[in-house]
Amino acid sequence: MADSIKIRLDGSKYILPTSDDIASAKAYVLRRNETARLLEAKVDDCLAELAQNIVTICYKYEIVPEEFEISSRYNEQMMSEISAVMDDAEEEITNLIYEYSTQATTDRERSKVLLLWIASLGRNNNNLQTTLDNYLFKTMKDIEAAVAALKKSEVALAAAITKVKSNLHTIYTMPEVQAAFKTASSFNATYIRTRGVVKGNVGLSNNGSTNVTNMAKITLEMAWNRSQAMDFQEQGAVGYYQLRGSLYPCEACDDEVGFHLGLEEIFERPMVHPHCCCYRVPIYQIENQ
């Protein structure tokens, strides 16, 4: 066991982890985090393409900035075109989440189990598909606000595409959108009228695109942690020892450090928080104990 790692465990009951065990646990978290970063980048690419498509479609039509909104009530044909690119983006992002989340294992049967579990995940008792659909709808309405504001500022199509793509996660801090907020009541665009605030929230809300990338990353991390727990279970571990993976101050992570008897906590709560770098080492009981 590495000298710098202090594991307090009853050596008369449990087998102390070796340096190799600890190194393997660290490597697993590093692979998980790197895969999550790759997924996040891929999803961001999809969102950037979606933004470009939506802005391009919106600019095809006669737009009165103050009256503009993305809805069938405003323009049925425009809404139909946007719905098509939204459906394509949703399918592509869903497939990316599944693909990268199941890279936690090479076992085909395990992958099938993980896929079913991932599909059930979501916010506010929704599944993954419904949650993603809601976040993409919010992304579309963010872009709606940007298009209305950019048209009001007489920004041409090419520049509008560049601005929206480069500010996809910060739509409401764009100078053009900030300027539109000053006369918000004269706009139909949902998040100009509310000055970037979703009803019930205080201050600027997260952009929908940020919710999408966060959800993708968190889903992957949860799937990888669950797969690791399944490994521990299959290998006969009676529990796990959790250790800090970074020096960043975090009381939630500090509270989890130490020996956990049983694996139920990982299955019920597969992560402490979205940015957790802590790692888990399986613990085995000494035979005849």
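Helix axes are taken here as lines fitted to C-alpha atoms over the stretch in contact, with angles running from 0 to 180 degrees between N-to-C directions. The structure described is a predicted model.

On this basis, helix H3, formed by residues 108-120, packs against helix H8, formed by residues 208-234, at an angle of about 135°. The axes of H3 and H8 lie 11 Å apart. An angle that is neither under 35 degrees, nor over 145, nor from 65 to 115 is classed as oblique, and H3 is therefore oblique to H8. The crossing of H3 past H8 is right-handed. On the H3 side the contact is made by Arg110, Val113, Leu114, Trp117 and Ile118. H8 contributes Thr219, Met222, Ala223, Arg226, Ser227, Met230, Asp231 and Glu234. By residue class, this contact of H3 with H8 comprises seven nonpolar, two polar and four charged residues.

A second helix pair is formed by H1 (residues 19-60) and H2 (residues 76-101), whose axes are 10 Å apart and meet at an angle of about 175°. Because angles over 145 degrees count as roughly antiparallel, H1 and H2 are assigned to that class. The contact of H1 with H2 includes 18 nonpolar residues, together with two polar and four charged ones.

The protein as a whole contains ten helices and four strands. In sequence order these elements follow the pattern β-α-α-α-α-α-α-α-α-β-α-β-α-β. The C-alpha trace spans about 80 × 40 × 30 Å along its principal axes. Of the 289 residues in the protein, 48% are buried. Among contacts with a sequence separation of 6 or more, 71% are between residues 24 or more positions apart.

Two residues located in helices were examined individually. Valine 212 lies in helix H8 and has a relative accessible area of 0%, which places valine 212 in the buried class. Apart from neighbours within four places in sequence, valine 212 is in contact with Val43, Leu47, Ile93, Leu132, Tyr135, Leu136 and Thr139. For one of these partners, threonine 139, the C-alpha atom is separated from that of valine 212 by 8.5 Å, although the two residues are 73 residues apart along the chain.

Glutamate 81 is part of helix H2. The relative accessibility of glutamate 81 is 18%; the limit for a buried residue is under 20%, so glutamate 81 counts as buried. With neighbours within four places in sequence left aside, the contacts of glutamate 81 are Ile57, Lys60 and Tyr61.

The cysteines were also considered. A disulfide is a covalent bond between the sulfur atoms of two cysteines. With a cut-off of 2.5 Å between cysteine sulfur atoms, the number of disulfides is zero. For cysteine 277, the closest cysteine sulfur belongs to cysteine 276 and is 6.7 Å away, which is too far for a bond. Cysteine 277 is partly exposed, with a relative accessibility of 29%. Cysteine 278 likewise takes part in no disulfide, and its nearest cysteine sulfur, that of cysteine 253, is 3.6 Å away. The relative accessible area of cysteine 278 is 7%, and this residue is buried.

Note on methods
Residues are numbered from 1 along each chain as its sequence is written. This is a predicted model: local features need pLDDT of at least 70, side-chain atom pairs count only at pLDDT 80 or more; totals for chains, interfaces and linings use all residues. Side-chain values use heavy atoms; hydrogens and water are left out. Helices (H or I, at least four residues) and strands (E, at least two) are DSSP runs, numbered from the N terminus. A crossing is left-handed if the near helix is turned anticlockwise from the far one by less than a right angle, and right-handed if clockwise. Contact means heavy atoms within 4.5 Å. Ala, Val, Leu, Ile, Met, Phe, Trp, Tyr, Cys and Pro count as nonpolar, Asp, Glu, Lys and Arg as charged, and the others, Gly among them, as polar. Buried means under 20% relative accessible area, exposed over 50%, partly exposed in between (1.4 Å probe, protein chains only).
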